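Q: Hi! Could you walk me through this one?

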Amino acid sequence: TVVYAFNPNYRGNADGQPSFGTVTIKGGGDAEAAARSVLEIGEADYAWNLQVAPEVLGPMEAAGNGVVSVSFGGSSVEHINLNQTNNRADGDAKSSYLEGTNPNPFFTANPDLARALSLAISRDDLVTVGYGANGLPTCNIWNVGSQTSTNNDWCLTQDIDEANRILDEDLGYLDTDGDGVRELPDGTPLEFDFVTSTNAVRQSNQDLIKSYWEEIGVVANMKNESADLFFDGTSASDVSIWKFFSDIEMFTNNATNPDPGSYLNGWLIDSIPEFDNNWGGNNMPRMANEEYEEVFTQLSQTPLSDPGRDDLAIRLNDILSAESGAVIPLVLRGSVSAFGNAMQNTGPLNGWDSEYWNIQEWTREG
């Protein structure tokens, strides 16, 4: 819990801003409880990041105590990371890049496996079950205007047959012992730990993905961790997304502005978290792709006014989203929040900035 107190030196005080003597923000709990506190119980004025299934959120709003607001940016993508480093290594080497000397036996430089896993997924089902109108199926990490790629639209159509063909013919990952699980040529089964945060929507999507992958002979052991540990930026917990001690993880992150540079640099080699840098950096899957590095350098040297930035952004997205074998985009999420009926002047959500961008103008009536 954080309490912010009125600042008498704020520049807007002469105009009566802000309207509140204190603002109290509470974290913890889960998205459903946060939504309920505004929409049903009326004990809070505002709730943020409501990843709540539509059949649950809809009746809450129907109670009449508040309204749900949704805004789409272009980078809030629920996605799967495939660990490119050896999460089964011992000691400090576990999930550490080690200058490329510690590869994952399944996923490193294996885009065909990622493609098969991606093709097996019905993103339409994920949206229907988990998001409704608050989500859109996507094959891209970056979905912004003219920089949105259409090169990966093959993923929008679930194709179990093609996924099986890739595994059979292109990779030779066969079920040699007839137990329903494919193996690598050395006999190692395609069985993975798949972790995400504890959230009803995420667990429902995990269940769907598990069932799809069973159809192609892949076993996913589904796990979920409390959000305060999973998203702990200090990485004090071994289950944090930065340590990534599992095979597969699923979550959403997003850019803070519509230019691709400051976001797509998060998948450069020098952004890989590992033991030696105290798990700092945002390249959670540990992707190391030479072309990505080269294209990003071109992007960083191209003026903002140059229309060629669109092509560079699309190329970076395509490497990341479809060719690296490191990331599988799933759902473009809307920014979903709830406001109590008494809240006024909250303004539109823009999908990019903090939702507190104009909090000095918020008022409570009645």
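A: Happy to; strands come up before the cores. This is a predicted model, where local features need pLDDT of at least 70, side-chain atom pairs count only at pLDDT 80 or more, and totals for chains, interfaces and linings use all residues. Residues are numbered from 1 along each chain as its sequence is written, and side-chain values use heavy atoms, with hydrogens and water left out.

Q: Is strand E10 buried or exposed?
A: Seven of the seven residues of strand E10 (residues 327-333) are buried, so the rest of the structure largely encloses it. Buried means under 20% relative accessible area with a 1.4 Å probe, protein chains only; strands are DSSP runs of E, at least two residues, and helices are runs of H or I, at least four, numbered from the N terminus.

Q: And which way does E5 run against E10?
A: Strand E5 (residues 77-82) is antiparallel to E10, with five bridges joining them; pairing takes at least two DSSP bridges. Glu-78 sits opposite Val-331 of E10.

Q: What about E6 and E10?
A: Strand E6 (residues 135-137) also pairs with E10 in the antiparallel sense, over three bridges. There, Gly-135 has Arg-333 as its bridge partner.

Q: Switching topic: which residues touch the most other members of the largest nonpolar core?
A: Of its 38 residues, they are Ile-80, Leu-113, Leu-117, Ile-209, Trp-213, Ile-216 and Leu-330. Such a core is a set of buried Ala, Val, Leu, Ile, Met, Phe, Trp, Tyr and Cys residues joined through side-chain atoms within 4.5 Å.

Q: Any other core, and what does it include?
A: A second, separate core has 23 residues, among them Trp-142 and Val-327.

Key
Buried < 20%, exposed > 50% of the residue type's maximum accessible area, 1.4 Å probe, protein only.
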